[in-house]
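Student: I have a new structure open on my screen. Could you help me learn to read it, one feature at a time?

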Amino acid sequence: MSVGPGEDLNFLKKEFEEFLKGLICLPIKFPGTRLYKSLKAKERLLKMVRKIVEERKLTMEEISDEKGVAKDAVDVLLRDNGEANEKQSLSLDFISSNIIEMMIPGEETVPMAMTLAVKFLTDSPVALKQLTFESQGSRICWENLCLPTRVGTSSLGCGTGLKVINETLRMANIINGVWRKALKDVEIKGHLIPKGWCVLTSFLSVHMDEENYDNPYQFDPWRWEKMGAAINNNIFTPFGGGQRLCPGFELSRLEISIFLHHLVTTYE
Ligand code: HEM
């Protein structure tokens, strides 16, 4: 949104933090509860973001800069007219809530994964040494990162960076699980989940299951040499799976890779 340091940014940060606290909480909504405070914070956040978006739209119209180069996400969304033949541009409410949703990966999931990767590397000098060795003198490119070209396939070998990222996400998955509601009676391995029941699929349980991983509590990036880099299988689900698979899975691994590359090549 291109909001520089100052009062506005402090306000956004404060309200965003309050909003986040309610993302996973007891669904009880009345004054004083976590959910209530979180929703109120989201309302204030939305108001502020909408104001910023409105001001930007006005500026764009004043200088008739609709075709210029977009400098941030607000610009991109304001310029988006949907399909080429659609006259209707995105509504300001839609843009504002999109911006807030983007704050979650921007502020939470990816930075948290970066922090955890640093923690695990600090505890594993051998992995750190190998990552540093590989990163020095190499440039970051898609080939080096060996990110999958399609969901679930890895076309190239797997560098230490990606192994470290996979292992970090396995051990300390930021999103521990997701909720689903059974739309009809479902039977899984002899267990009945009746229609209407909610199910918590625990990623952590899968990632820490000895049947899936040897010494699951040990940070071992080299295990990925044998396992490959696929991110969409039943035993490695940091980005969820199926229809709701995280659309940011490649972007986030790219961001973390770039961060790790600069960290180990620039600092001791
Ligand atoms: C390490 C970083 C990340 C992790 C661990 C992560 C994890 C996840 C998971 C587990 C889900 C599935 C939720 C569900 O099934 O209910 C999800 C959904 C989603 N993620 Fe991520 N994510 C990350 C980064 C990102 C980034 C960078 C973006 C966008 C720039 C993003 C955008 C989304 C969106 C829009 C959804 C909703 C998809 C849908 O409901 O169809 N995520 N993410």
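Student: At what angle do helix H5 and helix H7 pack, and how far apart are their axes?

Tutor: Good place to start, and keep in mind that this is a predicted model. In general, two packed helices are described by the angle between their axes and the distance between the axes. Here, helix H5 (residues 125-135) packs with helix H7 (residues 160-171) at an angle of about 140°, and the axes are 9 Å apart. H5 is therefore oblique to H7, since an angle has to be over 145 degrees to count as roughly antiparallel.

Student: Which residues of H5 and H7 meet?

Tutor: From H5, look for Ala127, Gln130, Leu131 and Glu134; they meet Thr160, Gly161 and Val164 in H7. Sorted by class, this contact of H5 with H7 has three nonpolar, three polar and one charged residues.

Student: Next, the nonpolar core. Which residues touch the most other members in the largest one?

Tutor: To read a core, look for buried nonpolar residues that are joined to one another. The largest nonpolar core here has 13 residues, and those touching the most other members are Ala117, Leu131, Val164, Ile165, Ile256 and Leu260. The elements giving two or more residues to this core are H4, H5, H7 and H10. Leu131 and Val164 may look familiar from the meeting of H5 with H7.

Student: What does Leu260 touch?

Tutor: Leaving aside residues up to four places away in sequence, Leu260 touches Ala117, Leu131, Gly161 and Val164. Another core, of ten residues, lies apart from the largest one, and Leu45, Val49, Leu77 and Leu78 are among its members.

Student: There is a ligand too. How many residues surround the ligand, and which are the closest?

Tutor: A good habit is to list the shell, then ask which elements supply it. In this model 16 residues surround the ligand, and the closest are Pro105, Gly240, Arg244, Cys246 and Gly248. Two elements give two or more residues to the shell: helix H4 (92-123) and helix H10 (249-266). H4 gives the most, with four residues. By class, the shell has eleven nonpolar, four polar and one charged.

Student: Is Lys47 buried or exposed?

Tutor: Counting neighbours settles that kind of question. Lys47 is exposed because 11 other C-beta atoms lie within 10 Å, and 12 or fewer counts as exposed. Its place is in helix H2 (residues 34-62). The C-alpha atoms of Lys47 and Ser96 are separated by 8.6 Å, although these residues are 49 residues apart along the chain.

Student: Which backbone angle should I check at Ser2 and Asn215?

Tutor: Check phi, and note where it is positive in a residue other than glycine. Phi of Ser2 is near 60°, a positive value, while phi of Asn215 is near 40°, also positive. Ser2 lies in the segment before helix H1 (7-21), and Asn215 is in the loop between helix H8 (203-207) and helix H9 (223-227). Ser2 is exposed, with 10 other C-beta atoms within 10 Å; Asn215 is exposed as well, with 9.

Student: To finish, how many helices and strands does the protein have?

Tutor: Zooming out, there are ten helices and four strands. Along the sequence the pattern reads α-α-α-α-α-α-α-β-β-β-β-α-α-α. Of the 268 residues, 21% are buried. Among contacts with a separation of 6 or more, 60% come from residues 24 or more positions apart.

Definitions and conventions. Residues are numbered from 1 along each chain as its sequence is written. This is a predicted model: local features need pLDDT of at least 70, side-chain atom pairs count only at pLDDT 80 or more; totals for chains, interfaces and linings use all residues. A residue is buried if 20 or more other C-beta atoms lie within 10 Å of its own, exposed if 12 or fewer, and partly exposed in between; C-beta atoms are placed from the backbone. Two residues are in contact if their C-beta atoms, placed from the backbone, lie within 7 Å. A residue is near a molecule or strand if its C-beta atom, placed from the backbone, lies within 6 Å of it. Ala, Val, Leu, Ile, Met, Phe, Trp, Tyr, Cys and Pro count as nonpolar, Asp, Glu, Lys and Arg as charged, and the others, Gly among them, as polar. Axes are lines fitted to C-alpha atoms, for helices over the stretch in contact, and angles run from 0 to 180 degrees between N-to-C directions. Angles under 35 degrees count as roughly parallel, over 145 as roughly antiparallel, 65 to 115 as roughly perpendicular and the rest as oblique. A nonpolar core is a set of buried Ala, Val, Leu, Ile, Met, Phe, Trp, Tyr and Cys residues joined through C-beta atoms within 7 Å.
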